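Trainee: Please take me closely through one part of this model, namely its salt bridges, and through the elements that carry them.

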Amino acid sequence: MARHGTYSIVARDPGTGEVGVAVQSHWFSVGPLCAWARAGVGAVATQSVVEPAYGPDALERLADGVPAEQALGELLAADPLAAVRQVAVIGVAGPVAVHTGADCIAHAGDAGGEHWSCQANMMERDTVPAAMSAAFAAAAGALADRLVAALLAAEGEGGDVRGRQSAALVVAPAEGEPWRRTVDLRVDDHAAPLDELRRLLALQRAYELAGAGDELMAAGRAGEAGELYRRAAALAPESDELLFWSGLALANAGDLDGGLAAVRRAAEKQPNWLVLLDRLSADFAPAGEAVKSALGR
């Protein structure tokens, strides 16, 4: 049997209706094994001697209106290895259900509140679940940020006794098609997976701003789009992609000097941005001709 020392949290945000799960483990690519969420339905974390089927099977039951405790109970009753499973299930409404099997490797346990459950096994200290729960309860901001706060608290208590390797963060909206995700990030193999997960979350938010900027540009609202592009580039200053598009947006909004500076910096990182600039039509880059002229192209 493959024993996966893991800590995770499932939670819902009663204000937004979002549900989510976050996890870290000293195991390669823990996300596809452990973290499950479905828009308008719920979230599941399955770990220890992991059986991934608990994820989709519990979500199917939740979607059919079965309460979390009953859904988990039915799955455990049919599982001859229930004693080595650790599973948490949360729906968009109702109590959280959690199971830590009697034969999970110490330190193993769970702790939670009305809208969340934290569970861990093979931990350095038995204080990990309680620390996670307290951190989630005290955290502010979006559900994704609060889930990450719980993971960081686990690391503060020592985390997985073997160390760290992979992490995942999944948040699903209150409604929509089953595949919809607010956040769906994975770090499959990294020396500091939580640091990388936080970097990716910031990068996702930067690209969301840029995407919203694209929509505003298409609607002819260049000034508003430029502001979003600037915010996106500030969130991810290492991204030459965002720097390039923010430069074109600045130029289109009337700040040709600022736009040129941004495009030049992007081209210093990746010269082919100038190749792309030559190929862009006025529909894609209304200020493209002015930028090219100023660059002597």
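Mentor: A residue counts here as buried under 20% relative accessible area, as exposed over 50%, and as partly exposed in between, with a 1.4 Å probe and protein chains only. This is a predicted model, so local features need pLDDT of at least 70 and side-chain atom pairs count only at pLDDT 80 or more, whereas totals for chains, interfaces and linings use all residues. Residues are numbered from 1 along each chain as its sequence is written, and side-chain values use heavy atoms, with hydrogens and water left out.

Side chains of opposite charge can pair when their charged atoms come close. With a salt bridge taken as a side-chain nitrogen of Lys or Arg within 4 Å of a carboxyl oxygen of Asp or Glu, the structure holds 16 of them.

Consider first the pair formed by E74 and R61, whose side chains meet in a salt bridge at 2.9 Å, N to O. Because E74 belongs to helix α3 and R61 to helix α2, this pair ties together parts that are 13 residues apart in sequence; helices (H or I, at least four residues) and strands (E, at least two) are DSSP runs, numbered from the N terminus. E74 is partly exposed, with a relative accessible area of 32%, and R61 is partly exposed as well, at 26%.

The setting of these two helices is an open sheet of four strands, ordered β3-β4-β5-β6 with antiparallel pairing, where strands pair if DSSP finds at least two bridges between them. Since β3 (35-38) and β6 (97-100) each have a single partner strand, they stand at the edges, and one side of each is left without a neighbour in the sheet. Direction ignored, neighbouring strands of this sheet are turned by 10° against each other on average; axes are lines fitted to C-alpha atoms, for helices over the stretch in contact, and angles run from 0 to 180 degrees between N-to-C directions. Helix α2 (residues 54-63) packs on the sheet and touches β3, β4 and β5, its direction making about 150° with that of β4, where contact means heavy atoms within 4.5 Å. Helix α3 (residues 68-77) lies across β5 and β6 and runs at about 30° to β6. Within the sheet, strands β4 (residues 42-48) and β5 (residues 85-91) pair in the antiparallel sense over seven bridges, with A45 standing opposite A88 in β5.

A further salt bridge joins the side chains of R125 and E124, at 3.8 Å, N to O. R125 is partly exposed at 37% relative accessibility, and E124 is likewise partly exposed, with a relative accessible area of 40%.

In another pair, D278 forms a salt bridge with R297, the closest N and O atoms being 2.6 Å apart. Here D278 lies in helix α10 (residues 272-279) and R297 in the segment after α11 (288-295), so the pair ties together parts that are 19 residues apart in sequence. D278, at 36% relative accessibility, counts as partly exposed, and so does R297, at 46%. Beyond these pairs, E196, R199 and E238 are joined into one network by salt bridges that share partners.
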